[in-house]
Structures are given as C-alpha cells and as structure tokens.
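Trainee: I should like to learn how to read a structure that is new to me. May we go through it feature by feature?

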Amino acid sequence: MATGEKKELPFVSLFNITQQLGHRQVDILKMDIEGSEWLILEEQLELVQPQQIFFELHTAESNPEFVPRELVKGKDRMAVNQLLLKLYDKGYRVIDKNLNIGDTSCAEISMVLIWNNNNNNTNNNKSYSTL
C-alpha cells in the first residue's frame with residue numbers, strides 16, 4: 001500500500017473480541033484510534049466494562065490530517081460533556097485529563113470504574129470495585 005492510501009478494515013466489536021479471546025473481564029482498555037473512540041465509548045461499553053479506560057478523545061476541531069471528519073462530526077464540547085456523563089452513570093470516574101500539546105481539540109483521558117451497575121441505574125444494584 002502506498003503512503004497516504006486508505007484501507008478499510010472490518011470492525012469487530014469489543015464484546016466479540018473478548019469472546020474470541022476467551023476473556024470474561026477486561027482490566028485495561030487503551031485506545032488511540034483517531035476519532036473511532038466515540039463508537040467504542042458510546043456503543044460498545046454496554047456489554048464489556050473495563051476496570052480502567054485510557055483514551056485520546058478527538059473533537060470536531062481536531063486536526064483533519066489525522067482524524068477523519070466523518071468520525072468527529074458534531075463532537076463538540078456538549079458532546080464531550082454528554083459522553084463523560086454517560087460514562088459517569090456507568091460508574092467511571094476521570095482520574096486524569098490532559099490536552100494534547102500538538103492538537104488542543106484533543107485530550108488524553110484516564111478513567112477508572114469505581115462501581116459496576118450491570119446496566120441498571122438503580123443504586124440498589126451497584127457492585128463496588130475493589131480498587
């Protein structure tokens with residue numbers, strides 16, 4: 001493949017990967033996937049809840065040389081807040097956040113799961129982490 005050429009690869013869900021590898025639990029999930037993190041964080045954490053998540057979060061203003069526009073379209077400050085609130089509701093807490101020095105429309109975020117509510121938002125069903 002020549003430099004600059006794009007190649008489409010098949011998408012395999014986080015759940016399917018854990019099933020294929022025989023994992024019952026994911027301890028750490030680290031992502032730097034240039035805009036595709038939104039798909040994982042918004043849709044793939046329903047069945048798999050890693051104990052810790054480290055990711056680079058790109059927004060609509062991210063450098064288009066590195067981040068495809070279609071992956072971050074509409075991903076503004078409000079979308080970031082909504083995503084972090086969704087993760088908060090799932091039991092995750094931000095433990096570190098740093099703006100990318102090369103692109104301040106992108107941030108490195110570290111989160112830890114302090115409780116797992118098994119997709120049920122009632123306080124009675126929360127299982128607290130032993131971290």
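Mentor: Let us begin with a term that we shall need: contact means heavy atoms within 4.5 Å. Please also keep in mind that this is a predicted model. As a case, take tyrosine 92, which is placed in strand E3. Leaving aside residues up to four places away in sequence, tyrosine 92 touches Gln49, Pro50, Gln51, Ile53, Leu87, Met111, Val112 and Leu113.

Trainee: Is tyrosine 92 buried or exposed?

Mentor: A residue is called buried when its relative accessible area is under 20%. Tyrosine 92 has a relative accessible area of 0%, and therefore it is buried. One of its contacts also shows how the chain returns upon itself: tyrosine 92 and leucine 113 stand 21 residues apart in sequence, yet their C-alpha atoms are 4.3 Å apart in space.

Trainee: How should I describe the chain as a whole, and how many helices and strands does it have?

Mentor: One starts with the elements and their order. The protein chain has four helices and six strands. Along the sequence they follow the pattern α-β-α-β-α-α-β-β-β-β. Next comes the question of cover: of the 131 residues in the protein chain, 35% are buried. The chain exposes about 8,900 Å², and 51% of that area is supplied by carbon and sulfur atoms.

Trainee: What share of the contacts joins residues 24 or more positions apart?

Mentor: Among contacts with a separation of 6 or more, residues 24 or more positions apart account for 55%.

Trainee: How do I read the side chains of a strand?

Mentor: In a regular strand, side chains alternate between the two faces of the sheet. Strand E1, residues 28-31, is a case of such alternation. Leu29 and Met31 point to one face and are buried, whereas Ile28 and Lys30 point to the other face and are not buried.

Trainee: With which strand does E1 pair, and in which sense?

Mentor: E1 pairs with E2 in the parallel sense, over four bridges. Two of the partners may be located directly: isoleucine 28 has glutamine 52 of E2 as its bridge partner, and methionine 31 has phenylalanine 55. Strand E2 itself, residues 52-58, is mostly covered, with five of its seven residues buried.

Trainee: Which residues does alanine 107 touch?

Mentor: Alanine 107 is found in strand E4. Apart from residues up to four places away in sequence, alanine 107 touches Phe55, Glu56, Leu57, Lys97, Asn98, Leu99 and Asn100. Its C-alpha atom is separated by 5.5 Å from that of glutamate 56, although the two residues are 51 residues apart along the chain. Alanine 107 counts as buried because its relative accessibility is 10%.

Trainee: What should I note about a loop, for example at glutamate 34?

Mentor: In a loop, one may examine the backbone angles and the exposure. Glutamate 34 lies in the loop between E1 and H2. Its phi is near 45°, a positive value in a residue other than glycine. Its relative accessibility is 27%, so glutamate 34 counts as partly exposed.

Trainee: Let us turn to pockets. How much space lies in the largest pocket, and which residues are closest to its centre?

Mentor: One reads a pocket by its volume, its lining and the elements that supply the lining. The largest pocket holds about 800 Å³ of space. It is lined by 24 residues, and those closest to its centre are Lys7, Ile33, Ser36, Pro68 and Leu71. Helix H2 (37-43) and helix H3 (69-72) each supply at least two residues of this lining, and H2 gives the most, with three residues. By type, the lining divides into 14 nonpolar, two polar and eight charged residues.

Trainee: Which elements supply the lining of the second largest pocket?

Mentor: Helix H4 (77-89), strand E3 (92-100) and strand E4 (103-113) each supply at least two residues there. E4 gives the most to that lining, with five residues. The second largest pocket contains about 360 Å³ of space. Its lining has 15 residues, with Thr59, Arg77, Val80, Leu99 and Thr104 nearest its centre. This lining divides into seven nonpolar, four polar and four charged residues.

Technical notes
Residues numbered from 1 in each chain as written. Predicted model: local features only at pLDDT ≥ 70, side-chain atom pairs only at ≥ 80, totals over all residues. Heavy atoms only, no water. 1 Å grid on protein atoms, 1.4 Å probe; cavity = no way out; pocket = protein on both sides within 12 Å on 5 of 7 lines; lining within 4 Å. Points joined across faces, edges and corners; volume = space filled by probe spheres on them. Nonpolar A, V, L, I, M, F, W, Y, C, P; charged D, E, K, R; others polar. Buried < 20%, exposed > 50% of the residue type's maximum accessible area, 1.4 Å probe, protein only. Areas by Shrake-Rupley, 256 points an atom, 1.4 Å probe, with all protein chains shown as cover. Pairing = 2+ DSSP bridges.
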